[in-house]
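Here is a friendly walk through one protein model, meant to be read with the structure open beside you. Take your time and click on residues as they come up.

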Amino acid sequence: MLEIKVLGPGCANCRKLEELVRDALATTGLQAEVVKVTDMNEILAHDVLKTPGLVIGGKLVSSGRIPTTATIAEWIRAA
């Protein structure tokens, strides 16, 4: 199963990104495990210097911004 990680300390932008990821999954009809990562060591291990970060299938696809639902859906389909 595809794993999607939302990286961040739990701020409003991190929560918004998690919501958009879930919306994108609903749009695509695909299933994935959405994991919220708040541990700073793990966040830094993904080379994220600015949160929120988004990792899909082990690959960092976004950092420091909130992408659109459509963009997230494209990344999920490509993973």
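The report below goes from the core outward to the salt bridges, the surface and the loops. Please keep in mind that this is a predicted model.

**The nonpolar core**

A good place to begin is the inside. The largest nonpolar core holds 14 residues. Within this core, the residues with the most contacts are Ile 4, Val 21, Leu 25, Leu 54, Ile 72 and Ile 76. Five elements give two or more residues each to this core: S1, H1, S2, S3 and H3. H1 provides the largest share, with 5 residues.

Leu 25 is a handy residue to select if you want to look around. Leaving aside residues up to four places away in sequence, Leu 25 touches Ile 4, Leu 30, Gln 31, Ala 32, Val 34 and Ile 76. Two of these names, Ile 4 and Ile 76, also appear among the residues with the most contacts in the core.

Apart from this core lies another one, of 5 residues. Its members include Leu 7, Ile 43, Val 48 and Val 55.

**Two faces of helix H3**

Next, turn to helix H3, which covers residues 69-78. Which of its residues are buried? They are Ile 72, Ala 73 and Ile 76. These buried residues cover an arc of only 100 degrees around the axis, so they sit on the same side of H3. The general geometry of helices helps here: an α-helix has 3.6 residues a turn, so residues three or four places apart point the same way.

What do the buried residues of H3 pack against? Their partners are strand S1 (2-7), helix H1 (12-28) and strand S3 (53-56). On the face turned away from the buried side, H3 carries the exposed residues Glu 74, Arg 77 and Ala 78.

**Salt bridges**

Now for the charged side chains. A search of the whole structure finds 4 salt bridges, and the table shows three of them.

| Pair | N to O distance |
|---|---|
| Lys 16 and Glu 19 | 3.8 Å |
| Arg 22 and Glu 18 | 3.0 Å |
| Glu 18 and Lys 36 | 3.6 Å |

Lys 16 and Glu 19 both lie in helix H1, 3 residues apart, or about one turn of the helix. Lys 16 is partly exposed because its relative accessibility is 37%. Glu 19 is also partly exposed, at 43%.

Arg 22 and Glu 18 are 4 residues apart in helix H1, which again makes about one helical turn. Arg 22 is partly exposed, with a relative accessible area of 43%.

The pair of Glu 18 and Lys 36 reaches between elements. Glu 18 lies in helix H1 and Lys 36 in strand S2 (residues 32-37), so the salt bridge ties together parts that are 18 residues apart in sequence. Lys 36 is partly exposed, at 36% relative accessible area. Taken together, Glu 18, Arg 22 and Lys 36 are linked in a network of salt bridges.

Is Glu 18 itself buried or exposed? Glu 18 counts as buried because its relative accessibility is 16%, and the cut-off for buried is under 20%. Not counting residues up to four places away in sequence, Glu 18 touches Val 6, Val 34 and Lys 36. Val 34 is a contact of Leu 25 as well, which makes it a useful landmark when you move from the network to the core.

**A nonpolar patch on the surface**

Nonpolar side chains also appear on the outside. Met 40, Leu 44 and Leu 49 make a nonpolar surface patch of about 350 Å². Leu 44 belongs to helix H2 (residues 40-45). With 44% relative accessibility, Leu 44 counts as partly exposed.

**The loop between H2 and S3**

Finally, have a look at the backbone in the loop between H2 and S3, where both Asp 47 and Pro 52 are found. What is the phi of Asp 47? The angle is near 60 degrees, a positive value in a residue other than glycine. Asp 47 is exposed, with a relative accessibility of 62%.

Further along this loop, the peptide bond from Thr 51 to Pro 52 is cis, with omega near 0 degrees.

Definitions and conventions:
Residues numbered from 1 in each chain as written. Predicted model: local features only at pLDDT ≥ 70, side-chain atom pairs only at ≥ 80, totals over all residues. Heavy atoms only, no water. Buried < 20%, exposed > 50% of the residue type's maximum accessible area, 1.4 Å probe, protein only. Arc of directions from axis to C-beta. Contact = heavy atoms within 4.5 Å. Patch = residues over 30% accessible without salt bridge, like charges linked within 9 Å, V, L, I, M, F, W, Y side chains within 5 Å. Areas by Shrake-Rupley, 256 points an atom, 1.4 Å probe, with all protein chains shown as cover. Core = buried A, V, L, I, M, F, W, Y, C linked by side-chain atoms within 4.5 Å.
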